[in-house]
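Subject: Structure for your review

Dear colleague,

Please find below the structure I am handing over to you, together with its sequence. My findings follow it.

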Amino acid sequence: MKQNETRQPIMKIRHLTKEFKIKSKKLGAKPQILHALNDVSLDVYEGETLGIIGESGCGKSTLGRTVIQLHKATSGSVEYQGQDLFSLAGAERKAMKRDIQMVFQDPYSSLDPRNTCEQIIAEPLKVHGIITDSKARQDRVLELMREVGLDIQHMNRYPHEFSGGQRQRINVARALALQPKIIICDEPVSALDVSIQAQVLNLFNRLQRDHNLTYIFISHDLGVIKHVSDRIAIMYLGRVVELCEASQIYDNPLHPYTRALLSAIPPESPFEKKQRIVLKGEIPSPIGDQVGCPLAGRCPNCTERCTREIPKLKDTGDGHQVACFLYES
Ligand SMILES: Nc1ncnc2c1ncn2[C@@H]1O[C@H](COP(=O)(O)OP(=O)(O)O)[C@@H](O)[C@H]1O
Ligand SMILES: [Mg+2]
């Protein structure tokens, strides 16, 4: 969406950093620092889907969890509708918690197996004291079940009696119950069969249109991310290395990491020539201090400067941002 320049972000993530202390197995040794999320700054615009892509372990879940404060940020801030999220307390904090919901990857473990579908979807309405009358609450639950495509006859069933796709629909209904503004979706279809994935992705699309929802949509699957996103942030080793309109990631990938990621997808036609860019070695460990660009050790374009300095995310024009010295004049 090109009109981003004129729109105000609904959320501003600034320099968000999350470190985990890792206890060493050696007796008396100092704990080591694992840098899961490093200096991430992103704007999120109302009504958009911001896709977050990167390989396993690059910090996608940590980003989502730190934003909704399941993890305490080591440093940095998140501003939501002009308010500093991390300093909210009392009623303001409670309101914020309603506005920002999260849907997780594993649709089973995020549902309490001892509760029925109805109880699960009704719970947030109870906890937040939104509908106190039990009949009215049940009506609302049934309305939510219909909205996400669940059969209302199944309201008294337990999670194990539903399929994976249906369980994820229960999770979505529960998140939707509080009429959130933003939903952080952490790999919400990754545990589902490919045939079911498309149906659940279509559900996310429809709900977004109907409720003007904003999504931060996390996935390691480029096909999924391309399907749902307006803009895409590419992460590597806890950092955002590129940020662009969804179409640009295919038409004009800039960062050497993004190019390598894209070149790994098989070409659509056998006549299309595609050069495979292979990065040397493995993703480095996030434990310990990072010197230079996170990709330096594997990058075909690495220079001496890349081994010393960390490139910042910079705009190359019309909002396409990249963290790479190749694009600095
Ligand atoms: N609670 C935790 N304690 C220690 N390390 C963690 C914790 N959660 C995540 N990590 C580490 O942080 C890094 C990023 O993990 P994560 O955000 O789960 O990546 P992704 O979701 O992209 O696969 C990984 O190296 C992971 O091992
Ligand atoms: Mg994850």
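In which sense, parallel or antiparallel, do β6 and strand β7 pair, and over how many bridges? In this predicted model, strand β7 (residues 182-186) and β6 run in the parallel sense, joined by 4 bridges. One point of register is that Q101 stands opposite I183 in β7. Strand β6 (residues 100-103) is covered on both faces: I100 and M102 are buried on one side, and Q101 and V103 are buried on the other.

A separate arrangement is an open sheet of 4 strands, whose order is β2-β1-β4-β5 and whose pairing is antiparallel. Because β2 and β5 (83-84) stand at the edges with a single partner strand each, one side of each has no neighbour in the sheet. Within this sheet, strand β1 (residues 9-22) pairs with strand β4 (residues 75-80) in the antiparallel sense over 5 bridges, and M11 stands opposite Y80 in β4. Helix α1 lies across β1, β2 and β4, and runs at about 70° to β2.

Both α1 and β2 also matter for the description of the ligand site. The shell around ligand 1 consists of F20, L34, A36, G54, S56, G57, C58, G59, K60, S61, T62 and P286. Two elements, β2 (32-45) and α1 (60-67), each supply at least two of these residues, and the largest share, 3 residues, comes from α1. By class, the shell contains 5 nonpolar, 6 polar and 1 charged residues.

Turning to the interior, the largest nonpolar core has 79 residues, and those touching the most other members are I52, I121, A173, I216, A233, I234 and M235. In general, nonpolar side chains tend to be buried together in soluble globular proteins. Leaving aside residues up to four places away in sequence, M235 touches I52, I53, G54, C58, G59, K60, V240 and V241. Among these contacts of M235, G54, C58, G59 and K60 are also listed in the shell around ligand 1.

Finally, helix α9 (residues 256-263) has P256, Y257, T258 and L261 buried. The elements covering the buried residues of α9 include α7 (222-228), β9 (231-236), β10 (239-245) and α8 (246-251).

I would be grateful if you would look through these points alongside the structure.

Yours sincerely

How values were computed:
Residues are numbered from 1 along each chain as its sequence is written. Chains are lettered from A and ligands numbered from 1 in the order in which they are written. This is a predicted model: local features need pLDDT of at least 70, side-chain atom pairs count only at pLDDT 80 or more; totals for chains, interfaces and linings use all residues. A nonpolar core is a set of buried Ala, Val, Leu, Ile, Met, Phe, Trp, Tyr and Cys residues joined through C-beta atoms within 7 Å. A residue is buried if 20 or more other C-beta atoms lie within 10 Å of its own, exposed if 12 or fewer, and partly exposed in between; C-beta atoms are placed from the backbone. Two residues are in contact if their C-beta atoms, placed from the backbone, lie within 7 Å. A residue is near a molecule or strand if its C-beta atom, placed from the backbone, lies within 6 Å of it. Ala, Val, Leu, Ile, Met, Phe, Trp, Tyr, Cys and Pro count as nonpolar, Asp, Glu, Lys and Arg as charged, and the others, Gly among them, as polar. Two strands pair if DSSP finds at least two bridges between them. Axes are lines fitted to C-alpha atoms, for helices over the stretch in contact, and angles run from 0 to 180 degrees between N-to-C directions.
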